[in-house]
Every structure is written in C-alpha cells, then in structure tokens.
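Hi,

Here's the structure I promised to pass along. Have a look at it first, and then read on for what turned up.

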Amino acid sequence: MQAYALTQEKSRGRRYPEPGHAYRTDFQRDRDRVVHSRSFRRLENKTQVFTRRYSDHFRNRLTHTIEVAQISRTIAAELGLNEDLVEALALVHDVGHPPFGHSGEKALDAIMRRHGDLFDHNLHALRIVEKFEQRYADFPGMNLTFEVREGIVKHSRDYSPAEFPQLAEYLLDQRPPLEAQLIDLTDEIAYSTADLDDGVEALILTREQVRESVPIFARSYNEVEQRYPQASEKLKFNEALKRVLDRMVSDLIDNTRARIRAAGVETVDDVRHHKQRLFAFSPDIDADRRHLKDFLYKNLYYSPGLLGDKATAEQTITELFQFFLSSPGDLPGGYHEKSEQEPLHRVVCDYIAGMTDSYVQQQHRKFLRHVDASQ
C-alpha cells in the first residue's frame, strides 16, 4: 500500500469508540455493516434508469453499486490504495437514493425547496447511517468510521462550509482522501457503459446509433470488427463496450498516477491539502467521457420512451408527499413520533426517500385510490 493510502492506523476512528475486531479491519467492518443494512438491501428495488416495466434483466441501483465496487477495487489495487476503504465507500455511495432514481430525487428536492429546505442523496445517506439504521445496542446508527462518513458526503462534490455548517466536522475546506475521490469517477464509468448496454437492449438506442455518435465506442468497434469480422452484431457490440470500459479504467489509472507523481503527493495530508482533486481522466478521454454523457442525456435519459415513467414517478412521489403533509397521522408510528421533534416536511421526506419503487406505488394506491382511478 502506498504512503498516500488511508490505512486504518491513520483513521480518525468512530464517533462511538469500539474495541477492535480479532480478524477484520475497521474498514472491513464498515463494509460488512453496509452490506447487512436494510438500506443496502432496498437498492435491489430502486430504479437505476429503467423500471421493471421494461425488463428485470436491466441494472437496478443494487447491481449498479456492485459494478462500481468491482471497478473501484481494481483501480485501488493498481494504485496502492486501501481496497477495504474503497469497497466500503463504493457499496455505500448510493444508499441515499430515493425510489425511481433521479426522477424521485428531482421530485423530493422540488418539494423540499418549497419548504425552504432541500433533498440531497449524499446528505440523506449520511442521515441513514447516522440515524435510521438502528441495529446496535451500544450506539445509534451504524457507527461507521469517520473516513467512510466523510466519503459519503464528499465523494462526488464539494460542499460550502458557509452553506452547510452542519457538515463542519467533515473538513469541507480540504480534499477528500484518494479512496473517496475515486468513487465519483468509477460511478460514471459504470453507469455510462451500462446505460449504453441497457439502452440498446431496451430498443431505445440502436447499435448503429451508438457506433455513429459515440467516438470512443466507434474506435473500439472498429478494432473489434477487424478482429472478429464473422461475429454477430450483438457480440461485436459487447466486445466494443468492454473495450470502452477498459480504456476508461486504464486511462484513469495512468493519468491519476501521473498527476500524483507530478503533484509530489506522498501522504494523506498532502492529498487533503492539494489545490484540486487528483483523480482525473486525461484530456482526450475526458472529452470522450463528456461526449458519451451528452449522448446519453440527449438520446436515453430524456428519450420519449422514458418520459412517461419519469412523469409518473414524479407525480406519484409528489402526491404521496402532499398526502402525508396533510394527514401526518397516517405516517408509521416511529415517523409520527419524529414529527414532534423535526419539521414535518423533513420527516415525510425521510420516509418516502427510504421507500422502494414497489412500496411507494403500494402506498400511493393505499392512500390515493381516487387519484389512480381517474388516470
């Protein structure tokens, strides 16, 4: 392990001190606590891009998370980072997502802003591990190490200390460790390549369209066609997509290693106090990444085939939220009690954000039958 890796010895520990385990590191224990949590299990029934109306073969939030963990471990091993910490961060990075993917997040945030608040899936994930997962007699929440909680907050964006004073303990004026910086980019590698795959399988994208419009894929496809001229189009597509993923991962490893060397980074403190994040693609591959992302937004995420699902998701969440605001007595007992200590809109948001796709639909049918009947 490199000196700039965040080892257990460099950890700031847990909020509530615990004795060490006989054969597991603290970060391995964090990983295990995440895997055994209810919020992690619920990811199986939360939309990534496609609802199950299309197929149960497509990625859901859980299978996406597993793919992110696999890619992240590979890169961490190659760069000499702490693989246990990286795995814990990869597995926990999406537990704060609400039902129906980004449509659900958009709906919740819009409602919360009307109440002078907001919904942010990273901050919600922090609330989950700190408050909602009640599994231990000795402490509230999961009592994860500081570094995993910090990574939940900071892996994908920087928060302003002035705007988010409640996050002051997470060193907002410093960069996160390399283990946390990695996750945002492996997340994008995983979902962008997977979404090309699922988009073609859903018949929203065509193989020809991807080949003609995504330069990094076109280059990979040309290599595949020369090597496997007799292969079926589906296999050529799969081979090309595999090469796209490999190119992005290899470039991220090589370019980040060069950036670390050029920055003279030797310790975790050096990483924290560097002027910018060190994990990055090379300029050429970053241009390919942006082109791929633009293509997916224009042709998949906002495609006519998905707009109906998005609208239904936002309507379902909005109507259910408004129902519980007007009828808080219908909240489950625990949430009803919380409404005496926290603003009702926050309690309702927490409740709905924790739901799976199927449960939010079930609750909508239960309490708003008259709305369903009119559709």
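Let's start in the loop between H7 and H8, where Leu-171 sits. Keep in mind throughout that this is a predicted model. Leu-171 isn't a glycine, yet its phi is positive, near 55°. Its relative accessible area is 14%, so with the cut-off for buried at under 20% it falls on the buried side.

Asn-143 does something similar: this non-glycine residue has a positive phi of about 50°. You'll find Asn-143 in the loop between helix H6 (121-132) and H7. Asn-143 counts as buried too, because its relative accessibility is 2%.

**Aromatics**

That H6-H7 loop also holds Phe-139, one half of a ring pair with Tyr-16, which is in the segment before helix H1 (26-35). How are the rings of Tyr-16 and Phe-139 arranged? Their centres are 6.4 Å apart and the planes meet at 10°, so they count as stacked. The two residues are 123 apart in the chain, so to speak, and the pair links distant parts of it. Phe-139 is buried at a relative accessible area of 6%, whereas Tyr-16 is partly exposed at 34%.

Phe-139 has another partner in Tyr-136: that pair is tilted, with 5.1 Å from centre to centre and 35° between the planes. Tyr-136 comes out as partly exposed, because its relative accessibility is 31%.

Over the whole structure the search gives 13 aromatic pairs. Elsewhere, ring pairs tie Phe-323, Phe-324, Tyr-335, Tyr-351 and Phe-367 together into a cluster.

**Pockets**

This is probably the part you'll want to open in your viewer. The largest pocket encloses about 870 Å³. It is lined by 37 residues, and the closest to its centre are Gly-101, His-102, Ser-103, Glu-105 and Tyr-297. Helix H3 (61-79), helix H5 (101-114), H6, H8, H13 and H14 each give two or more residues to that lining. Which element gives the most to the lining of the largest pocket? That's H14, with seven residues. By class, the lining splits into eleven nonpolar, 13 polar and 13 charged residues.

The second largest pocket has about 400 Å³ of space. There are 18 residues in its lining, and Leu-123, Leu-126, Arg-127, Gln-166 and Leu-167 are the closest to the centre. H6 gives the most here, with six residues. The lining of this second pocket has seven nonpolar, two polar and nine charged residues.

**The cavity**

How many cavities of 30 Å³ or more are there? The count is one, and its volume is about 30 Å³. Around it you'll see Leu-89, Val-92, His-93, Gly-151, Ile-152, His-155 and Ile-183. Helix H4 (83-92) and helix H7 (146-154) are the elements that give two or more residues to this lining. Four of the lining residues are nonpolar, three are polar and none is charged.

Val-92 is worth a click. This lining residue belongs to helix H4 and counts as buried, because its relative accessibility is 1%. Leaving out residues up to four places away in sequence, Val-92 touches Val-34, Val-129, Val-148 and Ile-152. Ile-152 is on the cavity lining as well. For a sense of the layout, Val-92 and Phe-139 are 47 residues apart in sequence, and their C-alpha atoms are 19 Å apart in space.

**Helix H13**

Back to one of the helices from the largest pocket. H13 covers residues 283-301, and its 19 residues should span 27 Å at 1.5 Å a residue; the end C-alpha atoms are 25 Å apart, so the two figures agree. Which residues of H13 are buried? They are Ile-285, Asp-286, Asp-288, Arg-289, Leu-292, Phe-295, Leu-296, Leu-300 and Tyr-301. If you're eyeing the spacing in that list, an α-helix has 3.6 residues a turn, so residues three or four places apart point the same way. The buried residues of H13 pack against helix H8 (178-201), helix H9 (207-213), helix H10 (215-227), helix H11 (233-263) and helix H14 (304-326).

Cheers

Note on methods: Residues are numbered from 1 along each chain as its sequence is written. This is a predicted model: local features need pLDDT of at least 70, side-chain atom pairs count only at pLDDT 80 or more; totals for chains, interfaces and linings use all residues. Side-chain values use heavy atoms; hydrogens and water are left out. On a 1 Å grid over the protein atoms alone, a cavity is a set of points where a 1.4 Å probe fits but cannot get out, and a pocket is an open set with protein on both sides within 12 Å along at least five of seven lines; lining residues have an atom within 4 Å of a point. Grid points are joined across faces, edges and corners, and a volume is the space filled by probe spheres set on the points. Helices (H or I, at least four residues) and strands (E, at least two) are DSSP runs, numbered from the N terminus. Ala, Val, Leu, Ile, Met, Phe, Trp, Tyr, Cys and Pro count as nonpolar, Asp, Glu, Lys and Arg as charged, and the others, Gly among them, as polar. Buried means under 20% relative accessible area, exposed over 50%, partly exposed in between (1.4 Å probe, protein chains only). Contact means heavy atoms within 4.5 Å. The expected span of a helix is 1.5 Å times one less than its number of residues. Rings of Phe, Tyr and Trp (its six-membered ring) pair if their centres lie within 6.5 Å; planes under 30 degrees apart count as stacked, over 60 as edge-to-face and the rest as tilted.
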